[in-house]
Amino acid sequence: MLRAEGLTLGRRLREVSLHLEAGLMVAVVGPNGAGKSTLLQVLAGLLPAQGRIRWGDRDLARIPFLERGRTLAWVGQESHAEFAFPVREVVAQGRHAWGDDGQGVETALATLDLAELRDRPITQLSGGERRRVFLARALATGAPLQLWDEPTASLDVRHALEVLHLAKRLASQGSTLLVSLHDLRSALCFDRVLVLDRGGLVGFGPPEQVLTPELIHAVFGVRAHTAEALTLEL
């Protein structure tokens, strides 16, 4: 399980606390600048913040580096690649903490529909293809905590749906996933929704209970209709 208490980072994050059981798929939503990426980076240990983060009964900051690489996986928004490594080598980086690049790499390549691109330099791929490579690298870690920041950005419809199905499958196998999204309709298929606004936590729980017309209007400034399916309008 993941437990965070009082996470604070200037104005970017303000006293955010959460407790997540294993096997939950959590959508992190909020307007631009709400603190979604900041929260995920803090949980990943990439940004320093006040507060406490625990994975199980241990402080995350005290878990040794290699063990932490087996505990959590991070996928950031940036899909830029500096070096022309073959796709398979990039995905194999996810196995570094395990000391091998075996079957987990092949499984990740196949799952993200990358087998035919395995020998292509990552610098020659489209933004959406690179996004899938970085997701495959996170998947290859086998980490039970997966933190994905806008994973469906720049993906076509089919691959975006496949990523959401992958998240659901990992959760069903006991992994905990926090996934930042802009699409509130996609958030409806998650177990929980965490809503941030101006760095503060303003809603957390099952999507049908949290994403009310009142909250959506207060946070996003749009009117919401949920009689049959969630629709939004200006």
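Me: Which residues does Asp197 touch, not counting residues up to four places away in sequence?

Reply: Asp197 touches Arg14, Pro31, Ala34, Val202 and Val219, leaving out residues up to four places away in sequence. Contact is defined as heavy atoms within 4.5 Å. This is a predicted model, in which local features need pLDDT of at least 70 and side-chain atom pairs count only at pLDDT 80 or more, while totals for chains, interfaces and linings use all residues. Residues are numbered from 1 along each chain as its sequence is written, and side-chain values use heavy atoms, with hydrogens and water left out.

Me: How do you know whether Asp197 is buried or exposed?

Reply: Its relative accessible area is 12%. Buried means under 20%, exposed over 50% and partly exposed in between, with a 1.4 Å probe and protein chains only. Asp197 therefore counts as buried. You will find Asp197 in strand E9, where E marks a strand of at least two residues and H or I a helix of at least four, all being DSSP runs numbered from the N terminus.

Me: What makes E9 and E10 a pair?

Reply: Two strands pair if DSSP finds at least two bridges between them. E9 and E10 have 5 bridges, in the antiparallel sense, so the rule is met. In this pairing Asp197 stands opposite Gly200 in E10. The two strands form a hairpin with 2 residues between them.

Me: What is the phi of Arg198, and where does this residue sit?

Reply: Arg198 has a positive phi of about 50° although it is not a glycine. It lies in the loop between strand E9 (192-197) and E10. At 63% relative accessibility, Arg198 is over the limit for exposed, so it counts as exposed.

Me: How does Glu150 fare, buried or exposed?

Reply: Glu150 is buried, at a relative accessible area of 10%. Its place is in the loop between E7 and H6, and its phi is positive, about 50°, although it is not a glycine.

Me: What is the order of strands in the open sheet of 6 strands?

Reply: The order is E6-E7-E8-E3-E9-E10, and the pairing is mixed. E6 and strand E10 (200-205) each have a single partner strand, so they stand at the edges with one side left without a neighbour in the sheet. Neighbouring strands are turned by 15° against each other on average, direction ignored. Inside this sheet, E7 and strand E8 (residues 176-180) run parallel and are joined by 5 bridges. One of the partnerships links Leu145 with Thr176 in E8.

Me: What makes E4 and E5 a pair, and how many bridges join them?

Reply: Strand E4 (residues 50-55) and E5 are antiparallel and joined by 2 bridges, so they just reach the minimum of two. Trp55 stands opposite Arg58 in E5. They belong to an open sheet of 4 strands, ordered E2-E1-E4-E5, with antiparallel pairing. Its edge strands are strand E2 (13-20) and strand E5 (58-59), each pairing on one side only.

Me: How do you know that the length of helix H5 fits its number of residues?

Reply: The expected span is 1.5 Å times one less than the number of residues. For the 14 residues of H5 (residues 127-140) that gives 20 Å, and the end C-alpha atoms are 20 Å apart, so the two agree.

Me: Why is H5 called mostly covered?

Reply: 11 of its 14 residues are buried, among them Phe134, Leu135 and Ala136. The cover includes strand E6 (72-75), helix H3 (87-92), helix H4 (103-111), strand E7 (145-149) and helix H6 (157-172). After H5 comes Gly142, whose phi is positive, near 70°.

Me: Why are Phe83 and Phe85 called a tilted aromatic pair?

Reply: Rings of Phe, Tyr and Trp (its six-membered ring) pair if their centres lie within 6.5 Å; planes under 30 degrees apart are stacked, over 60 edge-to-face, and the rest tilted. Here the centres are 6.0 Å apart and the planes make 50°, so the pair is tilted. The count by this rule is 1 aromatic pair. Phe83 is exposed, at 58% relative accessible area, whereas Phe85, at 36%, is partly exposed.

Me: What does the charged end of Arg70 sit over?

Reply: It sits over the ring of Trp98, 5.5 Å from its centre. The rule asks for NZ of Lys or CZ of Arg within 6 Å of the ring centre and within 35 degrees of the ring normal.

How values were computed: Axes fitted to C-alpha atoms, helices over the stretch in contact; angles between N-to-C directions.
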